[in-house]
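Subject: A structure for you to look at

Hi,

Here is the structure I promised to pass on. Have a look at it first, then read my notes below and see if you can find each thing on screen.

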Amino acid sequence: MLVDMAAPLPPLVIGATGLEAIAQNIRIIVMTLAWSVPLDRAFADAGAFIDAPTPYAVARKTAELTEAIEKYEPRVQVENIRFQARPGDMMDGRVYPVITFSLREGVTP
């Protein structure tokens with residue numbers, strides 16, 4: 001299964017279930033700003049990768065996203081994270097994660 005943050009994102013659905021809820025939860029985890037959750041300040045990363053050398057920043061961001069997704073959405077196992085630019089954003093240096101995941105054993109969609 002795939003969550004592509006570089007593609008146009010569908011609107012959030014209140015009461016989503018199954019795979020739609022899981023994908024929506026992953027999107028929320030990835031999009032949450034650092035320190036923006038009052039009772040869980042560790043919910044997002046602090047952006048320490050900014051101005052880091054590119055291979056280091058990609059490796060660190062991949063590890064941070066994997067850890068956060070698997071912690072806050074325990075029904076999934078992250079298989080792969082790659083980064084991709086949206087059309088027109090490449091010159092601005094913006095990239096977005098594309099997350100491939102599978103459901104953990106015993107989880108039904």
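Before we start, one bit of vocabulary: Ala, Val, Leu, Ile, Met, Phe, Trp, Tyr, Cys and Pro count as nonpolar, Asp, Glu, Lys and Arg as charged, and the others, Gly among them, as polar. You'll want that for the pocket further down. Also keep in mind that this is a predicted model.

Let's begin with the overall layout. The chain has two helices and three strands, and if you follow the sequence from its start you meet them in the pattern β-α-α-β-β. There are 109 residues in the chain, and 31% of them count as buried. Take the contacts in the chain with a separation of 6 or more: 50% of them come from residues 24 or more positions apart.

Now the sheet. In what order do the three strands sit? They form an open sheet in the order β1-β3-β2, with antiparallel pairing. That leaves β1 and β2 (76-84) as the edge strands, each pairing on one side only. On average, neighbouring strands here are turned by 15 degrees against each other, ignoring direction. As general background, strands of a sheet pair through backbone hydrogen bonds, and they can be parallel or antiparallel. Between β1 and β3 (residues 96-103) there are three bridges. If you'd like one to look up, try L2, whose bridge partner in β3 is T100.

Both helices pack on this sheet. α1 touches β1, β2 and β3, and its direction makes about 140 degrees with that of β3. Helix α2 (residues 54-72) touches β2 and β3, and its direction makes about 145 degrees with that of β2.

Last, the pocket I mentioned. The second largest pocket has a volume of about 150 Å³. It is lined by 13 residues, and the closest to its centre are L2, V3, P10, A23 and R27. So L2 turns up again here, after its bridge to T100 in the sheet. Which element gives the most to this lining? That is α1, with four residues. β1 (2-4) and α1 (18-31) each supply at least two residues of the lining. And here is where the vocabulary comes in: the lining divides into nine nonpolar, one polar and three charged residues.

Happy to go through any of this with you in front of the screen.

Cheers

Definitions and conventions. Residues are numbered from 1 along each chain as its sequence is written. This is a predicted model: local features need pLDDT of at least 70, side-chain atom pairs count only at pLDDT 80 or more; totals for chains, interfaces and linings use all residues. Side-chain values use heavy atoms; hydrogens and water are left out. On a 1 Å grid over the protein atoms alone, a cavity is a set of points where a 1.4 Å probe fits but cannot get out, and a pocket is an open set with protein on both sides within 12 Å along at least five of seven lines; lining residues have an atom within 4 Å of a point. Grid points are joined across faces, edges and corners, and a volume is the space filled by probe spheres set on the points. Two strands pair if DSSP finds at least two bridges between them. Axes are lines fitted to C-alpha atoms, for helices over the stretch in contact, and angles run from 0 to 180 degrees between N-to-C directions. Contact means heavy atoms within 4.5 Å. Buried means under 20% relative accessible area, exposed over 50%, partly exposed in between (1.4 Å probe, protein chains only).
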